[in-house]
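User: I would like to go through the labels attached to this model and see what each one rests on. Please set the values against the cut-offs.

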Amino acid sequence: MSSGTALAVSICFTAGIAGGVQAAVMGELGDRVGIAPAVAFSVLVSFVCAAAALLVWERSFAGIRAATQEPVWLWVGGIASIYIVLAATVAVPRIGVAATIGLVIAGNLIMAALIDKYGWLAQDAIPIDRWRILGLLLLAAGAALTLTRT
């Protein structure tokens, strides 16, 4: 495995850990201050951290200006981020952290498989073989099982 691949795998795995923490924290914050204020505050914290990181990394906001010149459909990532935070804030107190994350991951993989298969959103088309289908079915079953409470 190349160092670039190892870095990507490490970042993705730790992002998964962060996602679990984020879901639990957002559920609690939403219970304490309300769903809309919790989501708004989370997005504000994200903006401040991203702006600071951009200044440290790039030493300017020119990249933001460049992004505004790209097609509007590429801005969907920001809207999706808010929706993901909203989903965690609403779902965690009702169905728990594991079920919330399981369902989010199931949705992620199903959409990702469709994007791969059809080459949507400017991605290269990647066929879905029987192993990918089996993996998606197992994940869906796992997500369904996390909804049960003992």
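The exchange below takes the labels one at a time.

User: What kind of model is this, and which elements does the chain have?

Analyst: This is a predicted model. The chain has six helices and zero strands, and from the N terminus the order is α-α-α-α-α-α. Along the principal axes, the C-alpha atoms fill a box of roughly 50 × 45 × 30 Å.

User: Why are Tyr118 and Trp120 called a stacked pair?

Analyst: Two steps are needed. Rings pair if their centres lie within 6.5 Å, and planes under 30 degrees apart count as stacked. The ring centres of Tyr118 and Trp120 are 5.3 Å apart, with 20 degrees between the planes, so both conditions are met. A search of the whole structure finds one aromatic pair.

User: Is Tyr118 buried or exposed, and what about Trp120?

Analyst: Neither label fits. Buried needs a relative accessible area under 20% and exposed needs over 50%, with partly exposed in between. Tyr118 has 47% relative accessibility, so Tyr118 is partly exposed. Trp120, with 38%, is therefore partly exposed as well.

User: How do you know that the charged end of Lys117 sits over the ring of Tyr118?

Analyst: The distance part of the test asks for NZ of Lys within 6 Å of the ring centre. For Lys117 and the ring of Tyr118 the value is 5.2 Å, so that part is met. The test also asks for a position within 35 degrees of the ring normal; the angle itself is not quoted here, but the charged end of Lys117 is listed as sitting over the ring.

User: What makes the phi of Arg59 worth listing?

Analyst: Most residues other than glycine have a negative phi. Phi of Arg59 is near 65 degrees, a positive value. Arg59 lies in the loop between α2 (35-58) and α3 (62-68).

User: Why is Arg59 called exposed?

Analyst: The cut-off for exposed is over 50%. Arg59 has 69% relative accessibility, so Arg59 counts as exposed.

User: Which other residue has a positive phi, and where is it found?

Analyst: Leu121 has a phi near 55 degrees, and Leu121 is not glycine either. Leu121 is found in the loop between α5 (97-118) and α6 (130-146).

User: How much of the chain is buried, and what supplies the exposed area?

Analyst: With buried taken as under 20% relative accessible area, buried residues make up 17% of the 150 residues. The chain exposes about 10,700 Å², and carbon and sulfur atoms supply 73% of that area.

Definitions and conventions. Residues numbered from 1 in each chain as written. Predicted model: local features only at pLDDT ≥ 70, side-chain atom pairs only at ≥ 80, totals over all residues. Heavy atoms only, no water. Helix = DSSP H or I, 4+ residues; strand = E, 2+ residues; numbered from the N terminus. Buried < 20%, exposed > 50% of the residue type's maximum accessible area, 1.4 Å probe, protein only. Areas by Shrake-Rupley, 256 points an atom, 1.4 Å probe, with all protein chains shown as cover. Phe/Tyr/Trp six-rings, centres within 6.5 Å; stacked < 30°, edge-to-face > 60°.
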